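Me: I am new to this one. Can you take me through it, term by term?

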Amino acid sequence: MRFSFEQKRYRQGANTQMEFITESHYYRVMPFLLEGLVWTLLITFVGLIIGFALGAVFGLARLSKNKIIYGIATVYVEVVRGTPILAQILFIYFGLSDLTGLNIDKITASIIAIAINAGAYIAEIVRGAVYSIDKGQNEAGRSVGLTRGQTMRYIIWPQAFRRMIPPLGNQFVISLKDTSLFSVIAVGELLYMGQQYYGITFAAFEALTMVCIMYLIITVPTAVYLRRVERRLDV
Amino acid sequence: MISVRDLHKSFGSTEVLKGINAEVKEKEVVCVIGPSGSGKSTFLRCLNMLEEITAGDVLIEGDNLTDPKVNINDIRSRVGMVFQHFNLFPHMTVLDNITLGPMKVKKMKKKDAEAVARPLLEKVGLSDKADVYPESLSGGQKQRVAIARSLAMEPKIMLFDEPTSALDPELVGDVLAVMKELAKEGMTMVVVTHEMGFAREVGDRVLFMDEGIIMEEDTPQNIFSNPQNPRTQEFLSKVL
């Protein structure tokens, strides 16, 4: 199969440039990869939306004066950051179903894994950003009579959120790449679909090249955009 | 109006305020002077609980701040505070800075809050700056916006924490002029300041603080021309 095209070209001469493209593995792997990309993006986006909610809650909890709330949040952050995400996904997919007897679907398990993992890192992003806002802002809000919650919502959070954008974008890139690990539980994401293709065709070089290009198409523009945002926030 | 009884404040093991007793009457302007590190800012910040009170009582219009049942947000909305570093909200326009309190604390409609804010901006001489962001203002303009922001809550008492210390010398006058105007209108004011000229001209009473206590208190005339306490004499000889 792999050499069929060259043989054909030899037979027919070089007039079929279109065929040169459409019959190459670089092209034929694409339907697989596009399907994989859809799952990769879906897991990343849904996982990160939940992860941001977790990160906001636990990040603020890490700033709490209440020792119990602070303690719970710290344990969460340290446990997740101190263990590999590969172990986390296996734990969620196999470990939890083993424990509860429930059959967690692969995509759900992947989304949970990204959410919990990114949540811990985002918690640190949130904590750092909120902590970096000048104490005087809080005092000014409180001294006009705003409650703690109102001060957070109208004064601290909007300013902190701006500072979170670059590190959150960075986390997006990291989580996107982390979804490739879910190939170990046969989630049909980008890398797994590439593997499926070369499993049939043996065209590993072409398939994996295209897999990497697909990741880069998402990650490089994100990085460029973030650098621009960062520069704008600087001034 | 303000009544402070045996106020103590410690940061860890360092005692900053060592028993302060003071009274501020309605419409009175009290200036607090003293060397840096004497506790005057801490004293002021205790008056609206920006610092937790270690011991003693602070009564604002009869409400004791140390009473656990007291609604601190309600008291703070009656006590305006102006900071050395302005602390304007940089992500909001000047107008939004001023209307935030009335809208969120007093639940006023945006239109009504703006009807409060615009005359105040005019009063501090900045009506043309309503829609700009604080970063484009000079220090003196920022501080005047901060004063307008406090006044929008229609406070009974205004606290000033070294309001002109972070300003370029040529900008101090505009801020002091606004404060004089306020004093003339009968606002009750406590002003921590290094502006001896202001204290002398506008103050009804001057408190000299050092080492966490009020060393001397008197009318500006007496304290500036005839200080009794040797520490006051020493301090004034350096700054005047």
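**Reading the labels**

Me: Why is B:Asp128 called exposed?
Reply: This is a predicted model, and the value is computed from it. B:Asp128 has a relative accessible area of 62%. Exposed means over 50%, so B:Asp128 is exposed. The residue lies in the loop between helix H4 (110-123) and helix H5 (139-151) of chain B. Its C-alpha atom is 9.8 Å from that of B:Arg118, 10 residues apart along the chain.

Me: What makes A:Trp39 partly exposed?
Reply: The relative accessible area of A:Trp39 is 33%. Buried means under 20% and exposed over 50%, with partly exposed in between. So A:Trp39 is partly exposed. A:Trp39 sits in helix H4 (residues 30-61) of chain A.

Me: Which nonpolar patch includes A:Trp39?
Reply: The one on the surface formed with A:Leu42, A:Phe45, A:Val46 and A:Ile50. Together they have about 410 Å² of accessible area. Patch residues need over 30% relative accessible area; A:Trp39 has 33%.

Me: How do you know that S3 and S9 of chain B pair?
Reply: Pairing takes at least two bridges. Strand S3 (residues 29-33) and strand S9 (residues 205-210) of chain B have four bridges, so they pair, in the parallel sense. In S9(B), B:Leu207 is the bridge partner of B:Val32.

Me: What is the strand order in the open sheet of chain B?
Reply: The six strands run S6-S7-S8-S3-S9-S10, with mixed pairing. Strands S6 (79-82) and S10 (213-218) of chain B each have a single partner strand, so they stand at the edges.

Terms used: Residues are numbered from 1 along each chain as its sequence is written. Chains are lettered from A and ligands numbered from 1 in the order in which they are written. This is a predicted model: local features need pLDDT of at least 70, side-chain atom pairs count only at pLDDT 80 or more; totals for chains, interfaces and linings use all residues. Side-chain values use heavy atoms; hydrogens and water are left out. Helices (H or I, at least four residues) and strands (E, at least two) are DSSP runs, numbered from the N terminus. Patches are made of residues with over 30% relative accessible area and no salt bridge: like charges are joined within 9 Å, nonpolar side chains (Val, Leu, Ile, Met, Phe, Trp, Tyr) within 5 Å. Accessible areas come from the Shrake-Rupley method with a 1.4 Å probe; for residues, only the protein chains shown count as cover. A salt bridge is a side-chain nitrogen of Lys or Arg within 4 Å of a carboxyl oxygen of Asp or Glu. Buried means under 20% relative accessible area, exposed over 50%, partly exposed in between (1.4 Å probe, protein chains only).
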